[in-house]
Amino acid sequence: MKIINNSYDLYEWRQKYFARVFCRSLQANFSAKTVDFRLFANLTESGVITDEHLQKLQNIMRNETMAAAVLHFLTELLPKRGSKAFNLFLEALCESQQEHVADHLKMWLGDVCSEDAGTFKSLRAELQSHYERRLASIRPMPWLQSICLNLTDVFVERQLKLKTNHKGDGKTMKDLFTPQETKAIPRRLLIEGNPGIGKSTICQTLAHEWGKQSCGGHCGTVCVHSFDLVLYFHAGDFIDEESVAHAVQKHLLPSDYSITTSELQGVIKAKNVLIIVDAFDEANAGNRTLDRLIQGDILRHKTLLITSRFNFLQNKLSFFDSKFKVQGYDEEEQLQHVKRYAKHKNIASAPFESMLKDKSIRDLCSNPLNLTLLCLLREEDTQLRITRTALYTSIHRIIRRKAGERMDLTEAEVEESLHCSCT
Ligand SMILES: [Zn+2]
(Lines give C-alpha, C1' and ligand atoms only; values in the text may rest on other atoms or scores of the structure.)
Protein backbone atom coordinates (compact mmCIF):
# COMPACT_ATOMS: atom_id res chain seq x y z
CA MET A 1 0.00 0.00 0.00
CA LYS A 2 1.26 3.35 -1.01
CA ILE A 3 0.79 6.12 1.51
CA ILE A 4 0.80 9.28 -0.46
CA ASN A 5 2.37 12.29 1.14
CA ASN A 6 3.71 14.40 -1.69
CA SER A 7 1.89 17.50 -0.60
CA TYR A 8 1.26 19.71 -3.60
CA ASP A 9 0.37 17.23 -6.32
CA LEU A 10 -1.62 15.05 -4.06
CA TYR A 11 -3.43 18.00 -2.71
CA GLU A 12 -5.05 18.92 -5.99
CA TRP A 13 -5.45 15.34 -6.94
CA ARG A 14 -7.16 14.47 -3.73
CA GLN A 15 -9.66 17.24 -4.10
CA LYS A 16 -10.58 15.87 -7.45
CA TYR A 17 -10.98 12.26 -6.47
CA PHE A 18 -11.97 12.36 -2.89
CA ALA A 19 -15.66 12.88 -3.23
CA ARG A 20 -15.96 10.11 -5.77
CA VAL A 21 -13.76 7.64 -3.96
CA PHE A 22 -15.22 8.25 -0.59
CA CYS A 23 -18.84 8.35 -1.59
CA ARG A 24 -18.49 4.77 -2.77
CA SER A 25 -16.67 3.87 0.37
CA LEU A 26 -19.32 5.62 2.35
CA GLN A 27 -22.12 3.65 0.80
CA ALA A 28 -20.30 0.39 1.24
CA ASN A 29 -19.03 0.81 4.75
CA PHE A 30 -20.49 3.64 6.70
CA SER A 31 -23.78 3.61 8.36
CA ALA A 32 -24.88 6.51 10.44
CA LYS A 33 -24.48 4.37 13.51
CA THR A 34 -20.87 3.38 12.98
CA VAL A 35 -19.56 6.89 12.57
CA ASP A 36 -19.99 8.62 15.79
CA PHE A 37 -18.72 11.63 17.51
CA ARG A 38 -15.47 9.84 18.46
CA LEU A 39 -14.05 10.19 14.98
CA PHE A 40 -14.39 13.96 14.91
CA ALA A 41 -13.15 14.20 18.48
CA ASN A 42 -10.02 12.30 17.44
CA LEU A 43 -9.56 14.60 14.49
CA THR A 44 -9.79 17.66 16.70
CA GLU A 45 -7.27 16.16 19.10
CA SER A 46 -4.73 15.50 16.33
CA GLY A 47 -5.21 19.02 15.01
CA VAL A 48 -6.73 18.00 11.68
CA ILE A 49 -9.77 20.16 12.40
CA THR A 50 -10.33 23.11 14.70
CA ASP A 51 -13.12 23.61 17.23
CA GLU A 52 -14.80 25.88 14.74
CA HIS A 53 -14.77 23.14 12.12
CA LEU A 54 -16.15 20.73 14.68
CA GLN A 55 -19.05 23.00 15.40
CA LYS A 56 -19.85 23.35 11.74
CA LEU A 57 -19.80 19.56 11.33
CA GLN A 58 -22.07 19.10 14.32
CA ASN A 59 -24.53 21.56 12.79
CA ILE A 60 -24.59 19.60 9.57
CA MET A 61 -25.11 16.36 11.49
CA ARG A 62 -28.02 17.91 13.34
CA ASN A 63 -29.70 19.61 10.41
CA GLU A 64 -28.89 17.19 7.64
CA THR A 65 -27.34 13.75 7.96
CA MET A 66 -24.18 12.18 9.23
CA ALA A 67 -23.23 11.32 5.68
CA ALA A 68 -23.54 14.99 4.67
CA ALA A 69 -21.22 15.95 7.52
CA VAL A 70 -18.64 13.36 6.49
CA LEU A 71 -18.85 14.52 2.90
CA HIS A 72 -18.36 18.14 3.92
CA PHE A 73 -15.37 17.12 6.00
CA LEU A 74 -13.82 15.17 3.13
CA THR A 75 -14.40 17.56 0.29
CA GLU A 76 -14.26 20.94 2.01
CA LEU A 77 -12.11 20.61 5.11
CA LEU A 78 -9.58 17.83 4.70
CA PRO A 79 -8.05 18.93 1.39
CA LYS A 80 -7.26 22.33 2.92
CA ARG A 81 -5.67 21.02 6.11
CA GLY A 82 -2.12 20.39 4.92
CA SER A 83 -0.23 17.43 3.59
CA LYS A 84 -0.26 15.37 6.78
CA ALA A 85 -3.99 15.65 7.35
CA PHE A 86 -4.88 12.68 5.23
CA ASN A 87 -2.71 10.20 7.10
CA LEU A 88 -3.87 11.62 10.44
CA PHE A 89 -7.40 11.05 9.25
CA LEU A 90 -6.62 7.39 8.51
CA GLU A 91 -5.19 7.03 12.01
CA ALA A 92 -8.24 8.67 13.54
CA LEU A 93 -10.43 6.21 11.65
CA CYS A 94 -8.51 3.29 13.13
CA GLU A 95 -8.64 4.71 16.64
CA SER A 96 -12.39 5.08 16.44
CA GLN A 97 -12.83 1.40 15.53
CA GLN A 98 -13.26 2.07 11.85
CA GLU A 99 -10.19 0.35 10.58
CA HIS A 100 -12.19 -1.36 7.86
CA VAL A 101 -13.11 2.04 6.45
CA ALA A 102 -9.47 3.12 6.52
CA ASP A 103 -8.45 -0.07 4.73
CA HIS A 104 -11.14 0.39 2.17
CA LEU A 105 -10.06 3.94 1.52
CA LYS A 106 -6.41 2.97 1.18
CA MET A 107 -7.36 0.28 -1.27
CA TRP A 108 -9.41 2.73 -3.26
CA LEU A 109 -6.68 5.32 -3.37
CA GLY A 110 -4.15 2.69 -4.36
CA ASP A 111 -6.33 1.72 -7.32
CA VAL A 112 -6.83 5.25 -8.45
CA CYS A 113 -3.11 5.94 -8.17
CA SER A 114 -2.11 3.03 -10.34
CA GLU A 115 -4.79 3.93 -12.86
CA ASP A 116 -3.27 7.41 -12.95
CA ALA A 117 0.26 6.09 -13.30
CA GLY A 118 -0.77 3.95 -16.27
CA THR A 119 -2.28 6.94 -18.06
CA PHE A 120 0.86 8.98 -17.48
CA LYS A 121 3.23 6.23 -18.61
CA SER A 122 1.46 5.58 -21.85
CA LEU A 123 1.13 9.31 -22.57
CA ARG A 124 4.84 9.80 -22.00
CA ALA A 125 5.74 6.86 -24.23
CA GLU A 126 3.46 8.18 -26.96
CA LEU A 127 5.04 11.64 -26.92
CA GLN A 128 8.58 10.32 -26.72
CA SER A 129 8.22 8.11 -29.76
CA HIS A 130 6.46 10.95 -31.61
CA TYR A 131 9.38 13.33 -30.99
CA GLU A 132 11.98 10.73 -31.74
CA ARG A 133 10.49 10.00 -35.15
CA ARG A 134 9.16 13.37 -36.19
CA LEU A 135 11.94 15.60 -34.94
CA ALA A 136 14.91 13.58 -36.11
CA SER A 137 15.54 15.73 -39.18
CA ILE A 138 15.84 19.40 -40.04
CA ARG A 139 14.31 20.85 -43.18
CA PRO A 140 16.21 24.12 -43.63
CA MET A 141 13.86 25.24 -46.37
CA PRO A 142 10.31 24.31 -45.38
CA TRP A 143 9.14 24.82 -48.94
CA LEU A 144 11.57 22.14 -50.11
CA GLN A 145 10.63 19.09 -48.09
CA SER A 146 13.07 16.95 -50.06
CA ILE A 147 16.07 18.69 -48.51
CA CYS A 148 16.51 17.28 -45.06
CA LEU A 149 19.40 16.89 -42.67
CA ASN A 150 19.82 14.66 -39.67
CA LEU A 151 19.39 16.73 -36.51
CA THR A 152 21.84 14.80 -34.35
CA ASP A 153 24.49 14.89 -37.09
CA VAL A 154 24.39 18.57 -37.91
CA PHE A 155 23.31 20.30 -34.71
CA VAL A 156 25.93 22.65 -33.30
CA GLU A 157 25.60 23.43 -29.59
CA ARG A 158 24.37 27.02 -29.29
CA GLN A 159 25.62 29.85 -27.16
CA LEU A 160 22.95 31.73 -25.28
CA LYS A 161 23.42 35.08 -23.67
CA LEU A 162 21.54 35.59 -20.46
CA LYS A 163 19.89 38.99 -20.74
CA THR A 164 18.94 39.51 -17.10
CA ASN A 165 22.55 39.30 -16.09
CA HIS A 166 24.44 42.57 -16.57
CA LYS A 167 27.66 40.74 -17.28
CA GLY A 168 25.81 39.06 -20.14
CA ASP A 169 27.44 35.76 -19.26
CA GLY A 170 27.59 33.23 -22.04
CA LYS A 171 25.46 30.19 -21.34
CA THR A 172 24.96 26.99 -23.24
CA MET A 173 21.79 25.01 -23.62
CA LYS A 174 22.90 22.88 -20.69
CA ASP A 175 22.38 25.86 -18.39
CA LEU A 176 18.95 26.71 -19.71
CA PHE A 177 17.02 25.39 -16.71
CA THR A 178 19.68 26.07 -14.11
CA PRO A 179 18.37 28.46 -11.47
CA GLN A 180 19.74 31.98 -11.93
CA GLU A 181 19.92 34.77 -9.37
CA THR A 182 16.69 33.86 -7.62
CA LYS A 183 17.95 30.32 -6.97
CA ALA A 184 14.57 28.96 -8.03
CA ILE A 185 14.09 26.83 -11.13
CA PRO A 186 12.81 29.30 -13.73
CA ARG A 187 9.16 28.82 -14.68
CA ARG A 188 8.96 31.26 -17.58
CA LEU A 189 11.85 31.37 -20.02
CA LEU A 190 12.25 33.44 -23.15
CA ILE A 191 14.73 32.90 -25.95
CA GLU A 192 14.96 35.72 -28.47
CA GLY A 193 16.93 35.91 -31.69
CA ASN A 194 16.94 36.89 -35.34
CA PRO A 195 15.30 34.76 -38.04
CA GLY A 196 17.41 31.77 -39.01
CA ILE A 197 19.59 32.05 -35.91
CA GLY A 198 18.54 28.62 -34.65
CA LYS A 199 15.68 29.18 -32.17
CA SER A 200 13.52 26.47 -33.71
CA THR A 201 16.42 24.06 -33.83
CA ILE A 202 17.00 24.63 -30.11
CA CYS A 203 13.35 23.75 -29.38
CA GLN A 204 13.47 20.77 -31.69
CA THR A 205 16.69 19.52 -30.11
CA LEU A 206 15.27 19.82 -26.59
CA ALA A 207 12.14 17.83 -27.45
CA HIS A 208 14.12 15.29 -29.46
CA GLU A 209 16.64 14.84 -26.62
CA TRP A 210 13.81 14.30 -24.17
CA GLY A 211 12.29 11.77 -26.59
CA LYS A 212 15.50 9.76 -26.33
CA GLN A 213 14.64 9.35 -22.65
CA SER A 214 17.96 9.64 -20.90
CA CYS A 215 20.94 11.97 -20.76
CA GLY A 216 23.68 9.44 -20.52
CA GLY A 217 25.18 11.86 -18.04
CA HIS A 218 25.91 14.60 -20.62
CA CYS A 219 23.54 17.13 -19.18
CA GLY A 220 23.84 19.68 -16.41
CA THR A 221 22.13 19.39 -13.05
CA VAL A 222 18.70 20.46 -14.25
CA CYS A 223 18.24 19.29 -17.82
CA VAL A 224 15.38 18.53 -20.16
CA HIS A 225 15.38 14.96 -18.83
CA SER A 226 14.37 16.25 -15.41
CA PHE A 227 10.86 16.81 -16.76
CA ASP A 228 8.19 14.10 -16.61
CA LEU A 229 6.61 15.44 -19.78
CA VAL A 230 7.68 17.77 -22.58
CA LEU A 231 4.96 19.36 -24.69
CA TYR A 232 6.39 20.81 -27.87
CA PHE A 233 4.31 23.29 -29.85
CA HIS A 234 4.40 25.94 -32.51
CA ALA A 235 2.73 29.10 -31.15
CA GLY A 236 0.02 28.69 -33.80
CA ASP A 237 -1.07 25.39 -32.22
CA PHE A 238 -2.82 27.34 -29.45
CA ILE A 239 -4.99 29.43 -31.70
CA ASP A 240 -8.65 28.47 -31.14
CA GLU A 241 -7.67 25.98 -28.43
CA GLU A 242 -9.22 26.71 -25.06
CA SER A 243 -6.57 24.91 -23.03
CA VAL A 244 -3.15 23.30 -23.23
CA ALA A 245 -4.79 19.88 -22.91
CA HIS A 246 -6.94 20.59 -25.96
CA ALA A 247 -3.84 21.63 -27.92
CA VAL A 248 -2.05 18.43 -26.88
CA GLN A 249 -4.96 16.35 -28.10
CA LYS A 250 -5.18 18.17 -31.39
CA HIS A 251 -1.51 18.64 -32.24
CA LEU A 252 0.57 16.09 -30.35
CA LEU A 253 -1.60 13.00 -30.05
CA PRO A 254 -3.12 10.89 -32.79
CA SER A 255 -6.89 11.21 -33.02
CA ASP A 256 -7.40 7.57 -32.06
CA TYR A 257 -5.42 7.94 -28.82
CA SER A 258 -7.88 7.43 -26.02
CA ILE A 259 -7.51 9.95 -23.25
CA THR A 260 -10.12 12.43 -22.14
CA THR A 261 -9.36 16.12 -21.86
CA SER A 262 -9.88 15.99 -18.11
CA GLU A 263 -7.57 12.98 -17.70
CA LEU A 264 -4.96 14.87 -19.68
CA GLN A 265 -5.50 17.96 -17.57
CA GLY A 266 -5.05 15.81 -14.46
CA VAL A 267 -1.72 14.43 -15.68
CA ILE A 268 -0.44 17.87 -16.70
CA LYS A 269 -1.40 19.26 -13.30
CA ALA A 270 0.20 16.44 -11.36
CA LYS A 271 3.47 16.13 -13.26
CA ASN A 272 6.59 18.17 -13.76
CA VAL A 273 5.93 19.50 -17.26
CA LEU A 274 7.98 21.56 -19.72
CA ILE A 275 5.92 23.37 -22.35
CA ILE A 276 7.96 24.52 -25.33
CA VAL A 277 6.37 27.08 -27.64
CA ASP A 278 8.29 28.03 -30.75
CA ALA A 279 7.82 31.18 -32.86
CA PHE A 280 5.69 33.47 -30.71
CA ASP A 281 6.24 36.21 -33.33
CA GLU A 282 4.48 34.13 -35.99
CA ALA A 283 1.22 33.53 -34.15
CA ASN A 284 0.74 35.95 -31.27
CA ALA A 285 -2.31 37.87 -32.46
CA GLY A 286 -5.49 36.82 -30.69
CA ASN A 287 -3.71 33.89 -29.08
CA ARG A 288 -5.65 33.93 -25.84
CA THR A 289 -4.51 30.59 -24.39
CA LEU A 290 -0.87 31.39 -25.05
CA ASP A 291 -1.24 34.80 -23.39
CA ARG A 292 -2.80 33.21 -20.31
CA LEU A 293 -0.01 30.67 -20.21
CA ILE A 294 2.68 33.36 -20.34
CA GLN A 295 0.96 35.40 -17.65
CA GLY A 296 0.64 32.38 -15.39
CA ASP A 297 -3.13 32.61 -15.41
CA ILE A 298 -3.06 28.91 -16.28
CA LEU A 299 -0.42 26.29 -15.38
CA ARG A 300 1.57 28.79 -13.34
CA HIS A 301 3.76 26.15 -11.73
CA LYS A 302 4.78 24.50 -14.98
CA THR A 303 7.88 25.48 -16.91
CA LEU A 304 7.23 27.38 -20.13
CA LEU A 305 9.91 28.05 -22.74
CA ILE A 306 9.05 30.49 -25.51
CA THR A 307 11.04 31.60 -28.53
CA SER A 308 10.51 34.75 -30.53
CA ARG A 309 12.15 37.29 -32.76
CA PHE A 310 13.15 40.41 -30.86
CA ASN A 311 10.64 42.96 -29.55
CA PHE A 312 7.46 40.90 -29.83
CA LEU A 313 7.02 40.44 -26.09
CA GLN A 314 7.85 43.95 -24.89
CA ASN A 315 4.73 44.27 -22.74
CA LYS A 316 5.12 40.76 -21.32
CA LEU A 317 8.79 40.76 -20.32
CA SER A 318 7.99 41.04 -16.63
CA PHE A 319 6.46 37.55 -16.65
CA PHE A 320 9.76 35.91 -17.54
CA ASP A 321 12.27 34.71 -14.95
CA SER A 322 15.01 34.11 -17.51
CA LYS A 323 15.55 35.87 -20.81
CA PHE A 324 18.14 34.67 -23.29
CA LYS A 325 19.41 35.88 -26.62
CA VAL A 326 20.76 33.41 -29.18
CA GLN A 327 24.12 34.49 -30.47
CA GLY A 328 25.25 34.14 -34.07
CA TYR A 329 27.99 31.62 -34.84
CA ASP A 330 31.52 32.64 -34.03
CA GLU A 331 34.30 31.41 -36.36
CA GLU A 332 34.83 28.22 -34.42
CA GLU A 333 31.14 27.33 -34.60
CA GLN A 334 31.02 28.11 -38.32
CA LEU A 335 33.84 25.68 -38.85
CA GLN A 336 32.13 23.07 -36.73
CA HIS A 337 28.92 23.59 -38.72
CA VAL A 338 30.49 23.04 -42.14
CA LYS A 339 32.51 20.07 -40.89
CA ARG A 340 29.44 18.39 -39.49
CA TYR A 341 27.56 19.14 -42.69
CA ALA A 342 30.31 17.59 -44.85
CA LYS A 343 30.55 14.55 -42.59
CA HIS A 344 26.79 14.08 -42.65
CA LYS A 345 26.81 14.23 -46.46
CA ASN A 346 29.91 12.07 -46.55
CA ILE A 347 31.91 14.54 -48.66
CA ALA A 348 35.17 16.46 -48.18
CA SER A 349 34.91 19.51 -45.96
CA ALA A 350 37.72 21.54 -47.60
CA PRO A 351 35.51 23.36 -50.17
CA PHE A 352 33.13 24.38 -47.39
CA GLU A 353 35.97 25.51 -45.16
CA SER A 354 37.43 27.68 -47.89
CA MET A 355 34.00 29.16 -48.48
CA LEU A 356 34.08 30.50 -44.91
CA LYS A 357 37.15 32.59 -45.73
CA ASP A 358 35.50 34.46 -48.54
CA LYS A 359 35.21 38.09 -47.46
CA SER A 360 32.19 38.87 -49.61
CA ILE A 361 29.94 36.41 -47.83
CA ARG A 362 31.54 36.30 -44.41
CA ASP A 363 28.74 38.22 -42.71
CA LEU A 364 26.23 35.64 -43.90
CA CYS A 365 28.06 32.75 -42.26
CA SER A 366 27.26 33.67 -38.67
CA ASN A 367 23.62 32.82 -39.31
CA PRO A 368 23.12 29.02 -39.18
CA LEU A 369 20.29 28.97 -41.70
CA ASN A 370 22.24 31.06 -44.21
CA LEU A 371 25.28 28.90 -43.66
CA THR A 372 23.28 25.75 -44.32
CA LEU A 373 21.92 27.28 -47.52
CA LEU A 374 25.44 28.27 -48.58
CA CYS A 375 26.56 24.70 -47.94
CA LEU A 376 23.71 23.39 -50.08
CA LEU A 377 24.73 25.74 -52.88
CA ARG A 378 28.35 24.84 -52.56
CA GLU A 379 27.47 21.17 -52.69
CA GLU A 380 25.48 21.71 -55.90
CA ASP A 381 28.56 23.10 -57.54
CA THR A 382 31.93 22.66 -55.87
CA GLN A 383 33.61 24.70 -58.60
CA LEU A 384 31.52 27.68 -57.72
CA ARG A 385 33.41 30.56 -56.23
CA ILE A 386 30.85 32.06 -53.96
CA THR A 387 30.71 35.80 -54.28
CA ARG A 388 27.56 37.76 -53.68
CA THR A 389 26.81 38.02 -57.38
CA ALA A 390 27.51 34.36 -57.91
CA LEU A 391 25.35 33.67 -54.89
CA TYR A 392 22.31 35.45 -56.24
CA THR A 393 22.78 33.79 -59.61
CA SER A 394 22.95 30.38 -57.99
CA ILE A 395 19.94 31.01 -55.80
CA HIS A 396 18.05 32.05 -58.87
CA ARG A 397 19.17 28.93 -60.68
CA ILE A 398 18.36 26.60 -57.78
CA ILE A 399 14.89 28.06 -57.37
CA ARG A 400 14.30 27.77 -61.08
CA ARG A 401 15.32 24.12 -61.08
CA LYS A 402 13.49 23.13 -57.88
CA ALA A 403 10.38 25.04 -58.86
CA GLY A 404 10.50 23.33 -62.25
CA GLU A 405 10.65 19.93 -60.57
CA ARG A 406 7.81 20.82 -58.34
CA MET A 407 5.52 22.36 -60.92
CA ASP A 408 6.52 19.93 -63.62
CA LEU A 409 7.79 22.66 -65.94
CA THR A 410 11.04 22.92 -67.84
CA GLU A 411 13.59 25.40 -66.50
CA ALA A 412 13.00 27.58 -69.55
CA GLU A 413 9.30 27.69 -68.78
CA VAL A 414 9.96 28.66 -65.18
CA GLU A 415 12.39 31.32 -66.33
CA GLU A 416 9.77 32.70 -68.66
CA SER A 417 7.10 32.79 -65.96
CA LEU A 418 9.56 34.47 -63.56
CA HIS A 419 10.20 37.23 -66.09
CA CYS A 420 6.53 37.62 -66.87
CA SER A 421 5.69 38.13 -63.25
CA CYS A 422 8.47 40.73 -62.94
CA THR A 423 7.37 42.92 -65.79
ZN1 LIG B 1 19.65 15.19 -19.48
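In the predicted model, helix α12 (residues 331–345) packs against helix α14 (residues 368–380), the two axes coming within 11 Å and crossing at roughly 45°. At that angle α12 is oblique to α14, and the crossing is right-handed. The contact is formed on the α12 side by Q334, H337, V338, Y341 and K345, and on the α14 side by P368, L371, C375 and E379.

A second helix pair is found earlier in the chain, where the axes of α3 (residues 51–63) and α4 (residues 66–77) come within 7 Å and cross at roughly 145°. Here, too, the crossing is described as right-handed, with α3 passing α4 in that sense. The residues of α3 that take part are H53, L57, I60 and M61, and they meet M66, A68, A69, H72, F73 and L77 of α4.

The chain as a whole contains 16 helices and 9 strands, and of its 423 residues 28% count as buried. Among contacts between residues at least 6 apart in sequence, 68% join residues that are at least 24 apart.

The largest nonpolar core comprises 45 residues, of which V230, I276 and V277 touch the most other members. Helix α8 (residues 199–211) contributes the largest share of this core, with 5 residues. A second core, separate from the first and made up of 17 residues, includes L39, L57, L78 and V101; L57 is also one of the α3 residues that meet α4. When neighbours within four places in sequence are left aside, V277 is in contact with F233, A235, L290, L304 and I306.

Helix α8 also carries W210, which is buried because 26 other C-beta atoms lie within 10 Å, where 20 or more are required. Not counting residues up to four places away in sequence, W210 touches Y131, V224, H225, F227 and V230. For the pair W210 and V230, a separation of 20 residues in sequence corresponds to a C-alpha to C-alpha distance of 7.2 Å.

L290, a contact of V277, belongs to helix α11 (residues 288–295), in which L290, L293 and I294 are the buried residues. Seen down the axis of α11, these buried residues fall within an arc of 95° and so line one face of the helix. An α-helix has 3.6 residues a turn, so residues three or four places apart point the same way. The elements that cover the buried residues of α11 include the strands β5 (188–192), β7 (273–278) and β8 (303–308), together with helix α9 (244–252). After α11 comes G296, whose phi is positive, near 80°.

A comparable description applies to helix α5 (residues 85–95), in which A85, F86, F89, A92 and L93 are buried. These residues cover an arc of only 115° around the axis, which puts them on the same side of α5. Just after this helix, Q97 takes a positive phi of about 55°.

Positive phi values are also found in loop residues. A279, which is not a glycine, has a positive phi of about 65° and lies in the loop between β7 and α11. Despite this loop position, A279 counts as buried because it has 20 C-beta neighbours inside 10 Å. N311, likewise a residue other than glycine, has a positive phi near 70° and is placed in the loop between β8 and β9 (322–326). With 8 other C-beta atoms within 10 Å, N311 is exposed, whereas A279 is buried.

A further loop position is that of P254, which is located between α9 and α10 (261–270). P254 counts as exposed because it has 8 C-beta neighbours inside 10 Å, and the limit for an exposed residue is 12 or fewer. Although P254 and H130 are 124 residues apart along the chain, their C-alpha atoms are separated by 9.7 Å.

Methods
Residues are numbered from 1 along each chain as its sequence is written. This is a predicted model: local features need pLDDT of at least 70, side-chain atom pairs count only at pLDDT 80 or more; totals for chains, interfaces and linings use all residues. Helices (H or I, at least four residues) and strands (E, at least two) are DSSP runs, numbered from the N terminus. The arc is that of the directions from the helix axis to the C-beta atoms. A nonpolar core is a set of buried Ala, Val, Leu, Ile, Met, Phe, Trp, Tyr and Cys residues joined through C-beta atoms within 7 Å. Two residues are in contact if their C-beta atoms, placed from the backbone, lie within 7 Å. Axes are lines fitted to C-alpha atoms, for helices over the stretch in contact, and angles run from 0 to 180 degrees between N-to-C directions. Angles under 35 degrees count as roughly parallel, over 145 as roughly antiparallel, 65 to 115 as roughly perpendicular and the rest as oblique. A crossing is left-handed if the near helix is turned anticlockwise from the far one by less than a right angle, and right-handed if clockwise.
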